[in-house]
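Colleague: Please take a close look at one chain of this model and go through its fold and its contacts with the neighbouring chains. Please add a word on how far the prediction can be trusted.

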Amino acid sequence: MLQEYMDRKYRTDNKPSVEANLIKNNVAIVGIGQTQYTKNSGRDELDLACEAIQNAVDDAGLKMSDIDGFDTFILDRLSLPMLINSLGTPNVRFSCEVSGGGGAGCAVAVHAAAAVATGQADYVCCYRSLNEASGHRYGRGDDFIEYMPVALTPNYGYIWPLGFVTPLGWAGVWGRRWMHEFNITREQLGWWPVVLREYAQNNPEATYFGRPMTHEDYMESPMIVDPLKLHDCCVNTDGAAAYIITTVERAKDLKQTPAIIAASAQCCPIEQEIQTIYQRPSISGLVETWYVGQELYRVAECGPDDIDVAQLYDPYSIGGIIQLEELGFCERGEGGKFVEGGDNIRIDGKIPCNTAGGLLSEAYLHGWNLVIEGVRQIRGTSYNQVKDVELSMVTGGPGVASSGIILRR
Amino acid sequence: MTVEYNPDQKIPHPAMWGVLYKSSTPFWEGVKNKKIMLQKCKSCGNLLNPPRPMCPKCQSQENEWITAKGTGKIYSWVTFNEAPHPAFKAPYAAVLVELDEGPRIVSNMVDVKPEDLEIGMAVEVTFEDVAEDLTLPKFRKAG
Amino acid sequence: MAIDSIKDKAAIVGIGVVDFSTDIGRTEWYTACQAIKLAAEEAGVNIDDIDGMVKSVDDGPDPTYTGKGLGIDNLLYHSENHWGTSAMMNAVHAVAGGLCNYCVYYQTAHRASGPEKCISDFLVAREFRDDSLDMVRYDYFSPFGLIGEPGYVAMMYRRYMHETGIKPEQLGWVPIVASENAARNTNAIFFDKSITIDDYMQSKLIADPIRELDCAPKVDGSIAIVITTPERAKALKQEPVIINSVASGYALEGQNYTSYTRDVITDLPEMENMAKELYRVGGMGPKDIKVAMLDDTFAPYVPMQLEALGFCGKGEAPAFIEGGDKIRVGGQLPVNPDGGEIGQGRFITTRIVEAVRQIRGTSTNQVANTDTVLVASGAGGPADGMICRKE
Amino acid sequence: MVKLIEGIPIMRPYIDLDNQGYWDAVKNHKLVLQYCTKCNRFIHPPRPMCPTCRSQDTMEWKESSGKGILYSYVMFTSPKMAYPAYELPYAVVLVELEEGVRIVTNTHEIEPDEVQIGLPVEVMFEDLPDGQTVYRFKKREA
């Protein structure tokens with residue numbers, strides 16, 4: 001795979017055939033729900049999850065008792081039995097989790113889709129509930145000290161004791177290498193957060209709604225982990241979101257225009273770690289994202305030019321922009337130029353990105369908000385609706401075992 | 001017999017979850033005030049035990065708290081011949097009491113030896129201050 | 001088209017078992033890689049062709065690290081599952097759904113030798129588990145000294161004794177038969193010879209009514225299982241073991257081992273739900289099953305499973321296990337011919353391995369003409385299981 | 001340029017049977033790398049299997065020259081995302097060793113504005129007051 005990446009030649013002979021893929025065009029997202037995204041919910045995560053799931057069930061036109069599967073990824077504080085006991089879903093027969101943090105943002109949808117495509121469950125609910133703003137924030141430096149005299153794993157043993165403790169920092173290392181090799185400037189980086197903030201101004205549910213930001217504001221924002229500034233980094237969010245997956249067949253009887261999954265992919269290439277992917281020959285690109293893109297295009301039988309709108313998992317601006325390169329929306333090393341001025345990723349641009357504000361300006365809900373916006377674009381109900389959307393792409397986090405889906409009308 | 005504790009060991013306290021899990025706070029606040037509080041769905045009247053943010057019968061998120069009478073019957077029990085935690089002196093029993101209102105809660109017995117326990121035994125609540133900062137609802141034979 | 005069920009859509013084609021030990025002297029990362037290598041070799045699958053990995057959340061290094069250890073470069077599918085062996089379900093979805101070609105389900109856990117040196121705790125998740133909401137339930141138990149799984153199970157089992165009249169002289173046959181089988185199984189390290197009912201009755205009541213011999217001991221081990229489609233299996237080294245059906249079951253008011261708030265606490269509704277689904281998908285019934293691999297982490301769950309899975313009627317299990325004849329090899333329904341977890345240690349995937357061996361005809365305690373085996377896990381909580389059959 | 005803040009403990013590495021040789025060497029002021037004698041290649045970070053030939057018994061510890069070049073870095077400038085035991089700002093650098101593998105480390109006597117990609121560096125060791133030994137990299141002549 002690494003060689004495939006270096007040669008930019010995707011091997012298909014060792015992949016399952018497209019005909020064998022049961023998810024393609026057979027499965028759809030039929031319900032979406034969320035709570036308010038706030039900085040201090042004052043409620044616990046189970047409470048928030050119940051509300052978001054109820055909203056998704058209502059949105060789909062289902063009853064709570066129809067839900068027979070649950071899916072999320074690890075780093076989750078909820079307990080499935082407690083969730084079932086609160087929601088009162090008597091017929092559950094499928095559940096799943098996946099590791100890899102934000103990389104699994106879409107993997108959850110893949111697994112839920114696989115369950116309904118194989119008849120294991122009828123309606124699977126994918127949920128995420130977090131109090132990261134007021135409660136436990138993943139990936140903060142000072143979190144570590146209270147309870148960790150020894151690094152959590154052997155692998156973290158090589159980095160945490162150095163004061164190298166946060167995903168932002170880990171990503172900064174390959175991010176800087178990318179900036180160095182391709183002469184990417186800070187001014188260019190800034191356009192990603194600035195355009196996302198523009199989108200958030202039309203989205204009353206976004207954390208940064210009503211708080212516009214100019215490119216100047218961005219340039220003046222403080223450095224957090226050089227090369228990343230404050231506004232390069234995702235927001236902290238209290239809130240929950242959920243979506244419901246079923247077969248296209250069942251979707252016909254439901255309330256909403258289904259967002260049909262045209263392709264789904266997961267990928268974990270060689271020497272994968274959580275952001276600290278430093279042993280590959282080149283670290284200025286994202287093998288896993290390239291691979292996810294290739295697999296999505298192979299299964300959906302389309303290319304980057306066919307994608308109308310994309311929600312790219314962007315815990316930091318760099319992660320968003322490199323994905324543009326690896327997914328083929330621009331040439332390798334051209335990401336900086338591509339986002340310069342912002343037009344290419346604005347609503348009428350070549351590839352409108354993160355149209356609800358993304359992780360930087362809408363909410364950091366581990367990618368659930370991206371999937372939901374991807375669905376809205378298909379339904380035609382986005383606050384920043386792109387015209388005539390046929391194909392809507394969503395990806396999982398960069399620098400980790402990643403994932404992605406392409407939705408279609 | 002009453003459960004005996006090792007004075008130099010800390011009895012496991014319920015975690016005070018605060019905002020991390022709001023549903024259980026009223027129960028422990030109630031215990032402090034020597035009451036057994038039960039969560040009741042405002043919409044359908046279902047008693048929710050253990051407490052939780054949504055009623056599994058009707059999906060309402062509105063609920064209220066009522067005070068239990070504190071009477072019930074022993075539903076089951078375990079005798080620990082080895083203490084799984086150093087704060088407790090073995091042997092001792094943990095009992096599962098079915099309250100007259102319906103819900104079941106785990107507790108200990110006061111003044112009843114483990115060998116005298118019986119399923120169905122009528123019991124009533126009593127509150128014991130087992131540590132400076134910990135009150136627990138316990139049960140004794142009714143009447 | 002989506003398919004209605006996964007019936008016969010996947011097969012087990014290789015197993016890799018690292019020798020069990022109470023002090024294995026290796027890291028989990030090491031033995032995870034070792035088991036997968038063994039399984040791939042046994043199957044005749046090149047490690048480079050492995051493109052799916054699944055595991056249980058709590059056991060061993062996650063697919064990212066295990067894949068890194070193995071130098072796997074083509075991982076197209078990976079997932080975790082929380083409950084029992086339900087990761088098997090994910091593996092079946094992955095190969096049957098055309099998401100990957102060869103999926104490995106691995107379980108690595110060194111619980112006996114403990115966390116020092118041997119546990120590669122790669123799960124950042126565990127840092128979060130400390131304040132996981134799953135911990136809330138312990139608030140209602142721990143202050144009263146109801147602590148630890150034997151105690152949780154004992155609370156339920158006391159009630160089961162009350163309602164069914166089962167006696168220790170009956171339950172004892174579960175560990176006795178386990179010890180007989182384990183004594184014949186070279187992989188089982190806990191019994192050199194079988195125990196008697198007297199031994200059982202003298203076993204310490206650690207959480208009365210649960211005895212020491214009712215509980216599976218801790219062990220270090222690592223197991224990997226290779227799953228692919230029946231079509232691909234034809235080109236491989238081993239006779240494939242077809243996965244006839246796979247299912248999991250949940251129920252309201254459930255909590256792992258502590259579902260005390262249900263109206264009735266002495267049956268296993270999760271297991272019943274799972275079994276219903278398993279038989280429906282597989283088109284089989286309890287009578288079609290030749291060998292049952294049941295969850296014997298705690299002995300009382302064996303009679304309860306016999307009832308929940310339909311192998312005997314409600315309330316009949318105590319008589320069914322008494323004397324052990326019906327559950328021995330050669331009996332009406334041989335249960336855990338490998339010695340189960342009581343004989344081999346607490347390690348859920350041993351059940352799948354033994355199911356495979358029984359169907360291949362290579363068990364150390366072979367049941368004659370085994371063509372269908374039922375595997376069940378997760379007794380006392382969310383349940384899961386599968387039915388395997390001969391091709 | 002890593003300055004410790006007194007009273008805040010330094011996190012220790014996680015030592016297990018796979019990486020014990022590495023950390024034992026650090027204790028003795030040596031930088032060693034895992035080396036597969038079958039594939040003749042260095043591997044880092046240490047692991048239980050050679051990812052190329054998949055042997056579990058061909059790996060040994062070989063001392064590194066300790067020399068390399070600065071391949072990339074980040075500078076922790078805000079308390080928000082930094083570990084509180086070190087004075088801000090502090091650099092974390094990725095060094096590409098002569099043996100071809102890259103290791104993450106801190107710097108020694110390199111000013112923030114000198115931290116640049118391409119800087120030749122070499123390893124040094126420091127025994128901390130809490131008893132642990134750490135490796136850092138300092139400038140060297142090219």
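Modeller: What follows deals with chain A, starting from the sheet, then turning to helix packing and the contacts between chains.

This is a predicted model, in which local features need pLDDT of at least 70 and side-chain atom pairs count only at pLDDT 80 or more, while totals for chains, interfaces and linings use all residues. Residues are numbered from 1 along each chain as its sequence is written, and chains are lettered from A and ligands numbered from 1 in the order in which they are written. Helices (H or I, at least four residues) and strands (E, at least two) are DSSP runs, numbered from the N terminus.

Chain A has an open sheet of nine strands with mixed pairing, in the order S3-S2-S4-S7-S1-S8-S11-S10-S9. Two strands count as paired if DSSP finds at least two bridges between them. Strand S3 (94-96) and strand S9 (309-311) of chain A form the edges; each has a single partner strand, so one side of each has no neighbour in the sheet. From one strand to the next, the twist averages 25°. Axes here are lines fitted to C-alpha atoms, for helices over the stretch in contact, and angles run from 0 to 180 degrees between N-to-C directions.

Within the sheet, strand S1 (residues 27-34) and strand S7 (residues 238-247) of chain A are antiparallel partners joined by seven bridges. One residue to look at here is A:Ile29, whose bridge partner in S7(A) is A:Ile245. Helix H11 (residues 287-300) of chain A packs on the sheet, where it touches strand S8 (259-267), strand S10 (391-395) and strand S11 (402-408) of chain A. The direction of H11 makes about 140° with that of S8(A). Two residues are in contact if their C-beta atoms, placed from the backbone, lie within 7 Å.

Next come the helix pairs. Two packed helices are described by the angle between their axes and the distance between the axes. Helix H12 (residues 317-326) of chain A meets helix H8 (residues 186-200) of chain A with axes that come within 9 Å and cross at roughly 100°. H8(A) is therefore roughly perpendicular to H12(A). For such labels, angles under 35 degrees count as roughly parallel, over 145 as roughly antiparallel, 65 to 115 as roughly perpendicular and the rest as oblique. H8(A) brings A:Leu189, A:Trp192 and A:Pro193 to this contact, and H12(A) brings A:Ser317, A:Ile318, A:Gly320 and A:Ile321. By class, the contact has five nonpolar, two polar and no charged residues. Ala, Val, Leu, Ile, Met, Phe, Trp, Tyr, Cys and Pro count as nonpolar, Asp, Glu, Lys and Arg as charged, and the others, Gly among them, as polar.

Helix H7 (residues 167-182) of chain A also meets H12(A), with axes that come within 10 Å and cross at roughly 50°, so H7(A) is oblique to H12(A). The crossing of H7(A) and H12(A) is left-handed. A crossing is left-handed if the near helix is turned anticlockwise from the far one by less than a right angle, and right-handed if clockwise. A:Ala171, A:Gly175 and A:Trp178 of H7(A) lie against A:Ile318, A:Gly319 and A:Ile322 of H12(A).

For helix H2 (residues 45-60) and helix H3 (residues 80-87) of chain A, the axes come within 10 Å and cross at roughly 55°, so H2(A) is oblique to H3(A). This crossing of H2(A) and H3(A) is right-handed. H2(A) contributes A:Leu46, A:Ala49, A:Cys50 and A:Ile53, and H3(A) contributes A:Met82, A:Leu83, A:Ser86 and A:Leu87. Seven of these residues are nonpolar, one is polar and none is charged.

The contact of chain A with chain B takes 16 residues from chain A and eleven residues from chain B. H2 and H3 of chain A each supply at least two residues to the chain A side, and H2(A) gives the most, with five residues. Of the five pairs of chains in contact, chains A and C share the most contacts. There, 58 residues of chain C touch 56 residues of chain A.

As for trust, the model scores ipTM 0.94 and pTM 0.95. pLDDT is the predictor's confidence in each residue, from 0 to 100. Chain C averages a pLDDT of 93, with 95% of the residues at 70 or above, but over residues 116-129 of chain C pLDDT stays under 50. Where pLDDT is low, the predicted coordinates should not be read in detail.
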